[in-house]
Amino acid sequence: MDSPVNVTVRFLLVNVLRKAEDRAAAENKLVADRKEIAKSARIKEFFGVEFGKPMQVPTNELAKAHYETWSQGDNGEKKDHANVSYWEKSLKDSKDLQVPFVDELFTKYSLKTLRAGGVCGYGNVSKDVDKMEAIRRLDNFALEMNKKYGIAMHRGLIPADKKEGELRDRRFANDFVQYDFQNDYVIVTLYFGLKRGRVTFTLEDISGSEVIREEGWEAIAEKDKDAEGE
């Protein structure tokens with residue numbers, strides 16, 4: 001009390017410090033190990049759909065569908081323009097792990113060998129569920145996916161297009177909440193649109209998608225510019 005300068009005395013509990021450091025090191029190793037495992041994770045089965053091999057599915061249970069694809073050339077022209085046809089089947093009767101707020105799921109099969117390429121679906125958050133509760137349920141789903149398949153889905157936010165002078169709730173100052181994961185074998189994405197309450201889910205088996213593309217590819221010939229002008 002009589003000292004002409006301020007004096008501070010600290011007591012360092014070495015054992016407590018070491019335990020905290022060991023705990024942090026163990027947690028970091030666990031995270032690193034999980035990331036390493038996730039790099040080679042595969043999803044061999046999902047909602048009763050098996051990936052990596054042709055399926056025995058009667059075509060009368062399937063519906064024909066297609067998507068259009070192209071890449072853009074240096075001058076803005078369309079390159080590799082094509083329609084890709086595939087089979088689609090509803091998974092209404094699945095009793096496996098359910099995606100929160102997704103009303104119906106579909107699986108895609110290749111046109112010839114019936115190789116599954118992915119599962120996708122969409123739905124809406126009911127009006128009686130607030131945003132934070134919806135996110136909690138989606139968080140739990142992502143954790144269950146990680147636990148079951150050894151992947152590493154994580155939550156992120158997609159920034160909203162802010163208008164000048166617009167005031168926004170900081171918790172929801174984004175248009176979408178996004179959960180995603182990707183490695184060399186699988187891509188999983190889950191989007192929650194905060195404005196409209198729309199939820200979309202996609203699981204893509206990369207090798208299966210490549211087979212769908214190869215078997216269903218039908219090139220679209222681009223019209224000659226001179227012919228278009230006539």
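This section describes the nonpolar core, the aromatic contacts, one strand pairing and one surface patch of a predicted model.

The largest nonpolar core of the predicted structure comprises 42 residues, and within this core Phe46 and Phe201 touch the most other members. Several secondary-structure elements each supply at least two residues of the core, namely β5 (104-109), β6 (116-124), α2 (131-149), β8 (174-182), β9 (186-193) and β10 (198-205). The largest share is that of helix α2, from which seven residues of the core come.

Aromatic contacts were examined next. A search of the whole structure yields six aromatic pairs. One of these is formed by Phe46 and Phe47, whose rings adopt an edge-to-face arrangement with a separation of 4.2 Å centre to centre and 70 degrees between the planes. Phe46 and Phe47 are both buried. Another pair is formed by Phe46 and Phe201; here the rings are stacked, at 5.7 Å centre to centre and with 25 degrees between the planes. This stacked pair links distant parts of the chain, with Phe46 located in strand β1 (residues 45-46) and Phe201 in strand β10, 155 residues apart. Both partners of the stacked pair, Phe46 and Phe201, are buried. A single aromatic cluster is formed by Phe46, Phe47, Phe141, Tyr149 and Phe201. Phe46 and Phe201 thus appear both in this cluster and as the residues that touch the most other members of the largest nonpolar core.

The pairing of two strands was also characterised. Strands β3 (residues 63-72) and β4 (residues 78-90) run antiparallel and are joined by nine bridges. In this pairing, Lys64 is positioned opposite Trp87 of β4. The two strands, β3 and β4, form a hairpin in which five residues lie between them. Within the turn, Gly76 adopts a positive phi of about 85 degrees. In a regular strand, side chains alternate between the two faces of the sheet.

At the surface, Val5, Val7 and Val9 make a nonpolar patch of about 300 Å². Of these residues, Val5 is situated in the segment that precedes helix α1 (14-39). Val5 is classed as exposed because its relative accessibility is 54%, the cut-off for this class being over 50%. In contrast to Val5, which counts as exposed, Phe46 and Phe201 are buried.

Notes. Residues numbered from 1 in each chain as written. Predicted model: local features only at pLDDT ≥ 70, side-chain atom pairs only at ≥ 80, totals over all residues. Heavy atoms only, no water. Core = buried A, V, L, I, M, F, W, Y, C linked by side-chain atoms within 4.5 Å. Buried < 20%, exposed > 50% of the residue type's maximum accessible area, 1.4 Å probe, protein only. Helix = DSSP H or I, 4+ residues; strand = E, 2+ residues; numbered from the N terminus. Pairing = 2+ DSSP bridges. Patch = residues over 30% accessible without salt bridge, like charges linked within 9 Å, V, L, I, M, F, W, Y side chains within 5 Å. Areas by Shrake-Rupley, 256 points an atom, 1.4 Å probe, with all protein chains shown as cover. Salt bridge = Lys/Arg side-chain N within 4 Å of Asp/Glu carboxyl O. Phe/Tyr/Trp six-rings, centres within 6.5 Å; stacked < 30°, edge-to-face > 60°.
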